[in-house]
Amino acid sequence: MKQRLLWLALVAGALLATLFLPASATAANTTTGFTTLVVQGETVQIYRDQFGIPHIWAATNRGLFEAYGYAVAQDRLWQLELNRRAARGTLAEIFGASQVNADRYARTVGYTDAELDRQYAALPSEVQGIFQAYTDGINRYLTQVVAPDPLTKLPFEFHALGITPAPWTLRDSVAFGAFMVRRFGEIGGRELTNQAFLNSLIAQHGQQAAYGIFNDARWINDPDAPITVPTSGAIGSLRGKTEADTSLESAPPAVDIDPSEWERVVQDARQSWEALGVPTKLGSYGWVVSPGKSANGHAMLYGGPQMGFSTPEVLHLVQLTGGNGFNVTGMAFAGAPPVLIGRNEQIAWTSTTATGDNLDHYVETLCDAGAGAGSGYLYKGVCTAYEQRVELINVRGASAVTLPVLRSVHGPVVSVSGSVAVSQKRAHWQREVQAITPFLTFDRAKSVGEFEVAARQIITSHNFLYADNSGNIAYWQAGQPPIRPQGFDPRLPFPGDGSAEWPGGVLPMPRSINPTQGWLANWNNKPSVDYPNPDDQNQGKQNRLLDLAARLSAGPVSLADMHDIPKDIARVKALGREARTLKPYLLAALDAVPPIHPLAAQAHAALQAWDGSAIADAVTSTTTLPGEVIFSTWLDRMLANTFADELGSRLNEASSNMLLHVLDYALTGTSGVRPSRDYFNGLPPLAVMSASFDQAVALLAGQLGTDVTTWATARGETVFTHPILGRVASIPQSNRSTYGQIVVMGMNHEPGGGYDNPGWRQTTDETIFTLGQSSFVQLVPPTGFALDPHYKDLNDIYRRFEYIPMRLFLGLPARASGAYSGQLTPSASGGPGGSVHVVRAVNGDYQVTVTVYGLQPGSSHAMHFHRGSCAVQGPVIQPLPPIVANGVGIATVRAWLSASQWATIANGPTYLNIHAQLNPPGDGITCADIQ
């Protein structure tokens, strides 16, 4: 699929191959320093730090978000084009026929211009103003920067494709906002696949037996599945009736529908978006630690959204300060104005995709509504005409495609098969963009109560983890999943005749605030014991959350742990350490029924010594571990030997959790999901496990030789592939997040020493993401293209699991405040480097922020302002807090000075010195002259 997209993007055959070759130059589109914009008479400042990340100050929302739109366009103009075309279904117009199904999907389930306008009109006036300012900022960049100099300012991709960007519109932002809300918060929608699975079982086993097998493979609730809300000492386990209706024991009749065509459209659309770098729904992990659980006595948060690995970079970082209460830093998507994950002065938060089912399919019986057979559907005894329109999909290099779009009372029709049609019903239909309002509230929230009020307004399904400077930690599974009609299986399509309508009401919101265990974590797992699976998930006893829980529950959690846990879970496969729950059963089986293969004993020993990880080290490993290869091969054989005769061609529906349910019941007599039959067909389970192990060993010996210690496979590579440029960067394959955020809330410095206001609390924060802040590629005629310096300047840091500061400046750096901003220069003998920023806060005091790179991990260093210069050094005039390096040799310190203290420093030759050690300080290792 990616190769096909690349070929189509070449436009005129060999155009790029002959004209646009990589150039050695870099395109400095985003540089460190200030940009000043005048917005309706207001002076607005954009300061870009050494990583190109924009920090924006403005007095009004209008100025703040117009400058933000301007900065986004400067960094991500090509990505904005991709995002709006994906959302509005116009990709084929520039990429050709390979994108028709992506456009067909977007047009079928998306909105008309009038509907987008109505969603915008329903927003609060403040939010409308933010959208308008953001839109105007993008267009300001187009007209004031790109239009006068398209040769160097219009991104290369537009030149390569021979297109120019149209003005950004409010509809583009609303459409993209709805698109992204669905990508990360629309849950369910597997009913057609489930129905086809059940139909195949009925054909093979008969109705009642088939339904038992279906329940074994697609259970509604496993009470043993790991959860985020603790069962004791916490607020908010789910109460009241849920859709997990265990009385559904009678099999519904088979429904003759063919989901294959629509499934192909959905699959093609997802592959297209992934190949182009448009975000798609993936997993995410995060956790929070209370002050009592934290080794440093302060609440801590880790946010790790897993949004894929694409080019352009998926996310965009920004600081927004000013306007109506904004002082926030974090990640956003190009095309929508809120900071989605981040922190402000009081709180920090992150998000993962949750489990609240909010999408259903209805089977409509076709009838003649006056325009011929199939022109209507039966609803409450009446043949009702479809709402319909015709969409025209323009296709580059081919004829346009005419797409009839039908809607029933339930929603868009996605499939017609024989005498029935299938439509989709969404709990968030025509309300998606309402999510912008609570996210903007998150950006300005100051307490757990304010955050929860906003979380309750979220419509689609998202988990939120929260920490604040007061030491609170919290979790919510937000969203409004509907109550389903009783007597119908929520995993299967509902009849569209009016008999299975949603009765009204939504499931309660699971939440936990300050649990006694001292931590909360989520990795897309179910929220609480009594929460049902959505129809597209199998939350079971084996779950990757166990890998987080094992670390967080072990003892006090240090900052070093916050760095190490992501490296540890990067070593496991997508589902976590599946051997955690199955390996004890397997080892017991091998002891009870010894396998007979000559290499079985060696393989047994390798498995016994194995810790369940796929690789040994997240940074350096080049191959998988033999234990992983042995276990995975055994698991494949065990699933086939246990379930193939029942599932037949649908063996892919079997899972490690289904196997675990069966083994639990067979070997202990209990199981959270009791199987409907003996899947071992009377054979001893331990013997089946041992025989499967023999088969796995024989298979591996034939493939990999007779030395068990060499039974390893090459570690994969994640390649960042641009749809036009091709390969841009790569990292070793790991189970890791696209973006990482570590926040330690409210760090205290002891008052005194002249560098701190008494009682002031400092929050430390770090971040990392895959490539870099800018995705600008410049045309370099006639030889090729050049990447912005910040296109992939973070990739090597990301590869090493290191972090950069996540800055939240409390005032304007040097130029706007009369303070100082500059770089630390290593001493003559070499040493670390970094940056110094001094800003003036609202109360007149000055905040000093010092960041140093290249220190020895864990080392401590004295830091002072001295009279003199780096070349001609003099006495100390102002001490500062010591610099303490983290586990990867990076340190950030913030300290406060009074106006008089800063005046003394600024009045005369002064330099900042970082010393070799703490006590005695020793020689300087890096220095900055204060000018």
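Arg 62 counts as partly exposed, at 23% relative accessibility, where buried means under 20% relative accessible area, exposed over 50% and partly exposed in between, computed with a 1.4 Å probe on protein chains only. This is a predicted model, in which local features need pLDDT of at least 70 and side-chain atom pairs count only at pLDDT 80 or more, while totals for chains, interfaces and linings use all residues. Residues are numbered from 1 along each chain as its sequence is written, and side-chain values use heavy atoms, with hydrogens and water left out.

The structure holds 46 salt bridges, each being a side-chain nitrogen of Lys or Arg within 4 Å of a carboxyl oxygen of Asp or Glu. Three of them are set out here.

| Acidic residue | Basic residue | Closest N to O |
|---|---|---|
| Asp 136 | Arg 62 | 2.6 Å |
| Asp 49 | Arg 807 | 3.3 Å |
| Glu 646 | Arg 677 | 4.0 Å |

Asp 49 lies in the loop between strands E3 and E4, and Arg 807 in the loop between strand E29 and helix H24, so their salt bridge ties together parts that are 758 residues apart in sequence; helices (H or I, at least four residues) and strands (E, at least two) are DSSP runs, numbered from the N terminus. Asp 49 is buried, with a relative accessible area of 1%, and Arg 807 is buried as well, at 3%.

The largest nonpolar core has 147 residues, and Ile 56 and Trp 287 have the most contacts inside it; such a core is a set of buried Ala, Val, Leu, Ile, Met, Phe, Trp, Tyr and Cys residues joined through side-chain atoms within 4.5 Å. Helix H3 (residues 61–88) gives the most to this core, with 14 residues.
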